[in-house]
Amino acid sequence: MNIYLDNAATTPLDPKVLEAMTPYLLNHFGNPSSKHGPGREAKNALENCRKTIANLLNADPEEIIFTSGGTEADNIAIVSAITCGKIDHVITTAFEHPAVLQTLKALNKQYKTRVSFIRHDENGNLDLKHLEYLLNTNTRNLVSVMHANNEIGNLNDIESIGELCEKYGALFHTDTVQTIGHYQHDLKQLKIHYLTASAHKFHGPKGVGFLYCCKGQRLNRLIHGGGQESGLRAGTENIPGIVGMTKALELSYQHLEKDATYIENLKHHLINALTEALPNITFNGNSANPDKSLYTVLSVSLPATDIDLLQYLDAEDIAVSGGSACSGGAPSHVLKALGADTSRNTIRFSFSKFNTTAELDQVAEKLARVYGLVAA
Ligand code: PLP
């Protein structure tokens, strides 16, 4: 049996999403920029999706810009803030995804923007007093803090961070790639200027996402060409992808409470099963704290072994990861920032509504075998 526990890397497409996309792949294939019937049909679908997504997040349709995914949305947000918002100081965290950290690094060379990192404790909890200290300067500040970390699952208090940004007149960008579709976001309440999302993290298709840009903030185009997305993002829109993403988001919010409770129980079950089966197991960051971490992610630290646990589990048809899929196997900057003991094994389990407790019991048993605690 194949066991897939790497849902923070990507989630399987919900069959209902495929069903919604299929007519837009086969029959309604028009280009939304064309003025004829098929074009108008595609344009209608596009604008309906924009309205639906905006409604689900309590935003306005013109605040939603479709992109190729989370990475592009993060890039547009940060570049726009720095160029249009004339930012000279970016405040961020050591835990951000490379889509943020590498963008900042590249822009730093070009614009000489100063970057500061918010202090954190040994579990990765951000020190908001330090954020306030960093904000209390004469610079034009952008704060870029993710809602939840993709490797250890730590949740950040984006409500309080937004309040602080408002108090000090800073722009606030949050990467919500791991939380959109898993938590409610009310964008008329939260003080956020830019927010980013990616469909494949909530059972939608890959290669499509969106940027929310609060009214009044100007955006800088990264891709030059036609006038699509109000001139902000050139290129023929990915209509089947956008339709699929919208359906996936609708389904996520329709079943949010039920699915969240189910997945939270899965996580709890695995924590118990692993703790019982394995000695000397610890959890990275706030991973095992239900109030301070994503219910979809559990990052486990296990004693060093001679065998590569990820390869061993892969050979047993169990898909997990050591951290971020985007790191390409490089040592984790997140674990390094936490000061974690890198001689130990780290496994990131990440769950979806399609997992079962029986799968988790199998995983715990397989791991116990490695450590010689179950007869082979
Ligand atoms: N931000 C976070 C927190 C992520 O986990 C990811 C993907 O793993 C991304 C951004 C990039 O999203 P995409 O794969 O859609 O480019």
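These legends go with a set of close-up views of a predicted model.

**View 1. The ligand and the residues around it.** The ligand sits in a shell of 14 residues, and the closest are G70, T71, D175, S198 and K201. Sorted by class, that shell comes to 3 nonpolar, 8 polar and 3 charged residues. If you're wondering which element gives the most to the shell, look at helix α3, residues 70-84, with 3 residues.

**View 2. Polar contacts of the ligand.** Here we pick out contacts with G70, D175 and K201, taking each in turn. For G70 the partner is the backbone: one of its polar backbone atoms is 2.8 Å from an oxygen atom of the ligand. With D175 it's the side chain, where an N or O atom is 2.6 Å from a nitrogen atom of the ligand. K201 also uses its side chain, with an N or O atom 2.6 Å from a ligand oxygen. How much of the ligand's accessible area does the protein cover? On its own the ligand has 400 Å² of it, and 89% of that is covered by the protein.

**View 3. Strand β7 and its neighbours.** Zoom in on β7, residues 194-198, and you'll find that 5 of its 5 residues are buried. Y194, T196 and S198 point one way, while L195 and A197 point the other way. That fits the usual pattern, since side chains in a regular strand alternate between the two faces of the sheet. S198 is also among the residues closest to the ligand. Strand β6 (residues 171-175) pairs with β7 in the parallel sense, over 3 bridges. One place to see that pairing is T174, whose bridge partner in β7 is L195. β8 joins β7 as well, through 5 bridges, but these two run antiparallel. On that side L195 stands opposite Y212 in β8, so L195 is a handy residue to centre the view on, as a bridge partner of T174 too.**View 4. Strand β2 against β8.** β2 covers residues 64-67, with I64 and F66 pointing one way and I65 and T67 the other way. Are these residues buried or exposed? All of them are buried. Between β2 and strand β8 (residues 209-213) there are 4 bridges, and the two strands run antiparallel. To find the pairing on screen, start from F66: its bridge partner in β8 is F210.

**View 5. A sheet of 3 strands.** This one is an open sheet in the order β9-β10-β12, paired antiparallel. The edges are β9 (282-283) and β12 (345-350); each has a single partner strand, so one side of each has no neighbour in the sheet. β9 and strand β10 (residues 297-302) are joined by 2 bridges and run antiparallel. Within that pairing, T282 stands opposite S301 in β10.

**View 6. Cysteines without a disulfide.** How many disulfides does the model have? The count is 0. Take C165: its sulfur is 12 Å from the closest cysteine sulfur, the one in C214, and that's too far for a bond. C165 is buried too, at a relative accessible area of 0%. C214 is in no disulfide either; the nearest cysteine sulfur to it belongs to C213, 6.9 Å away.

**View 7. Two buried loop residues.** T11 lies in the loop between β1 (3-4) and α1 (15-26). T11 is buried, with a relative accessible area of 4%. Where does the fold bring T11 in relation to H200? The two are 189 residues apart in sequence, yet their C-alpha atoms are 5.9 Å apart in space. G124 is in the loop between β4 (114-117) and α5 (128-135), and at 2% relative accessible area G124 counts as buried. Its C-alpha is 9.6 Å from that of T93, which is 31 residues away along the chain.

**View 8. Two lysines with positive phi.** K86 has a phi near 50 degrees, a positive value in a residue other than glycine. You'll find K86 in the loop between α3 and β3 (89-92), exposed at a relative accessible area of 59%. K112 also has a positive phi, near 55 degrees, and is again a residue other than glycine. K112 sits in the loop between α4 (98-111) and β4, and its 65% relative accessibility makes it exposed.

Terms used:
Residues are numbered from 1 along each chain as its sequence is written. This is a predicted model: local features need pLDDT of at least 70, side-chain atom pairs count only at pLDDT 80 or more; totals for chains, interfaces and linings use all residues. Side-chain values use heavy atoms; hydrogens and water are left out. A residue is near a molecule or strand if one of its heavy atoms lies within 4 Å of it. A polar contact is a pair of N or O atoms within 3.5 Å; within protein, one must be able to donate a hydrogen and the other to accept it, and residues adjacent in sequence count only if both atoms are side-chain atoms. Accessible areas come from the Shrake-Rupley method with a 1.4 Å probe; for residues, only the protein chains shown count as cover. Ala, Val, Leu, Ile, Met, Phe, Trp, Tyr, Cys and Pro count as nonpolar, Asp, Glu, Lys and Arg as charged, and the others, Gly among them, as polar. A disulfide is a pair of cysteine sulfur atoms within 2.5 Å. Buried means under 20% relative accessible area, exposed over 50%, partly exposed in between (1.4 Å probe, protein chains only). Two strands pair if DSSP finds at least two bridges between them.
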